[in-house]
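Reader: I'm new to this, and I'd like to know where the words people use for a structure come from. Can we look at one together and check each word against its cut-off?

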Amino acid sequence: MSLFDSLRDLLPGASRPKRRAPVATKPKPLLPPPEAITIDHAGVPLIVMFERSAKARRVSLRVDQRNGRVRLVAPPRMARETALGFAHAQAAWIHGRTLRQSPPVPFTDGAVIPLFGAPHVVRHRPDRRGTVWLEDGALHVAGRAEHLPRRLHDWLANELRARVSTLAHAKAATIDRKVTRITVRDTATQWGSCARAGGLSFSTRLAFAPPEIVDYVVAHEVAHLAHANHGPQFWALTAKLMDGDVAACRAWLRRNGERLMRLG
Ligand SMILES: [Zn+2]
């Protein structure tokens, strides 16, 4: 109590200032928006939405019944590592739930899609000009809702084309071959192909795969410029043209290929 307060109490007719209940004035903690995180489960990336909730007393995993998405809900002040550690420990359970649901993921507002392996939330921005842009780890799409899937597909195809073009020309130059043409299209059956005349074709769905997988598929097709088969020399050249491990990349595509086909 301050001296001023004490004096006021002594004055006739003085009343103590009313104090508001501290609960009413306490500001609510500002919670960050949900964040898409990836949990690795024996090589299979699982996508979980990490959310903070003022009501949560402990960390928990919940399944969103509407879209089958797994949510990791933590109290506002819990350390991020503690919450993520919980999800990592429950990876097998998350995987089981994901398999059971395995819903297709259409391109709509709120959908989570991996862009070169990193999960991104799709945000529809009907009020904004432009087409598609990256902002705060999310994929923002302007325009009318019915055009969102096509706009996003076109944008992903362009991103992939830019990436594979750079990689393919650089790799081909190291073996003194020329890439005459690069095509990107939505092929459901193969990740890439190589034509005799030096034209390479890639599936747009590689835009969902991690960079090392894209690198492998490009190395594979460029190696076909020298060897039109899958013999030992072809595989040796593929390995030389890439940074990662051939067997690991092929295994990744076997495990995850179907999942990439269900997006969009
Ligand atoms: Zn091949």
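**Helices, strands and the words for them**

Author: Let's start with helix 5 (residues 148-174), which lies across strand 9 and strand 11 and runs at about 150° to strand 9. Before we go on: this is a predicted model, where local features need pLDDT of at least 70 and side-chain atom pairs count only at pLDDT 80 or more, while totals for chains, interfaces and linings use all residues. Residue numbers start from 1 along each chain as its sequence is written.

Reader: What counts as a helix or a strand, then?

Author: They're DSSP runs: H or I for at least four residues makes a helix, E for at least two makes a strand, and both are numbered from the N terminus. The chain has 8 helices and 11 strands.

Reader: Which strands make up the open sheet, and in what order?

Author: The open sheet has 3 strands in the order 9-11-10, and its pairing is mixed. Strand 9 and strand 10 are the edges: each has a single partner strand, so one side of each has no neighbour in the sheet. On average, neighbouring strands here are turned by 15° against each other, ignoring direction.

Reader: How do you know that the strands of this sheet pair, and what makes the pairing mixed?

Author: Count the bridges; DSSP has to find at least two between two strands. Strand 9 (residues 181-185) and strand 11 (residues 199-203) share 5 bridges and run parallel. Strand 10 (residues 192-194) and strand 11 share 3 bridges, in the antiparallel sense. Arginine 185 has serine 203 of strand 11 as its bridge partner, and cysteine 194 has leucine 200 of strand 11. Strand 10 and strand 11 also form a hairpin with 4 residues between them, and glycine 198 in that turn has a positive phi of about 100°.

Reader: What packs on this sheet, touching strand 10 and strand 11?

Author: That's helix 6, whose direction makes about 15° with that of strand 10.

Reader: Why is helix 6 called oblique to helix 7?

Author: The axes of helix 6 (residues 211-224) and helix 7 (residues 232-241) cross at roughly 135° and come within 8 Å. Axes are lines fitted to C-alpha atoms, for helices over the stretch in contact, and angles run from 0 to 180 degrees between N-to-C directions. Under 35 degrees is roughly parallel, over 145 roughly antiparallel, 65 to 115 roughly perpendicular, and the rest oblique. So helix 6 is oblique to helix 7.

Reader: Which residues make the contact?

Author: Helix 6 brings Ala219, His220, Val222 and Ala223, and helix 7 brings Phe234, Leu237, Thr238 and Leu241. Being in contact takes C-beta atoms, placed from the backbone, within 7 Å. By class, the contact of helix 6 with helix 7 has 6 nonpolar, 2 polar and no charged residues. (Nonpolar is Ala, Val, Leu, Ile, Met, Phe, Trp, Tyr, Cys and Pro; charged is Asp, Glu, Lys and Arg; the others, Gly among them, are polar.)

Reader: And what makes helix 6 and helix 8 roughly perpendicular?

Author: The axes of helix 6 and helix 8 (residues 246-261) cross at roughly 105° and come within 10 Å. The pair is therefore roughly perpendicular. Glu212, Ile213 and Tyr216 of helix 6 meet Val246, Cys249, Trp252 and Leu253 of helix 8. That contact has 6 nonpolar, no polar and 1 charged residues.

Reader: Why is proline 76 called partly exposed?

Author: It comes down to counting other C-beta atoms (placed from the backbone) within 10 Å: 20 or more is buried, 12 or fewer exposed, in between partly exposed. Proline 76 has 14, so it's partly exposed. You'll find proline 76 in the loop between strand 4 (70-74) and helix 3 (80-89). Over the whole chain of 264 residues, 25% count as buried.

Reader: Which side chains of strand 8 are buried?

Author: In strand 8 (residues 138-142), Leu139 and Val141 point to one face and are buried, while Ala138, His140 and Ala142 point to the other and aren't. Strand 8 pairs with strand 6 (residues 118-125) in the parallel sense over 5 bridges. With strand 7 (residues 132-135), strand 8 has 4 bridges and runs antiparallel.

Note on methods. Contact = placed C-beta atoms within 7 Å.
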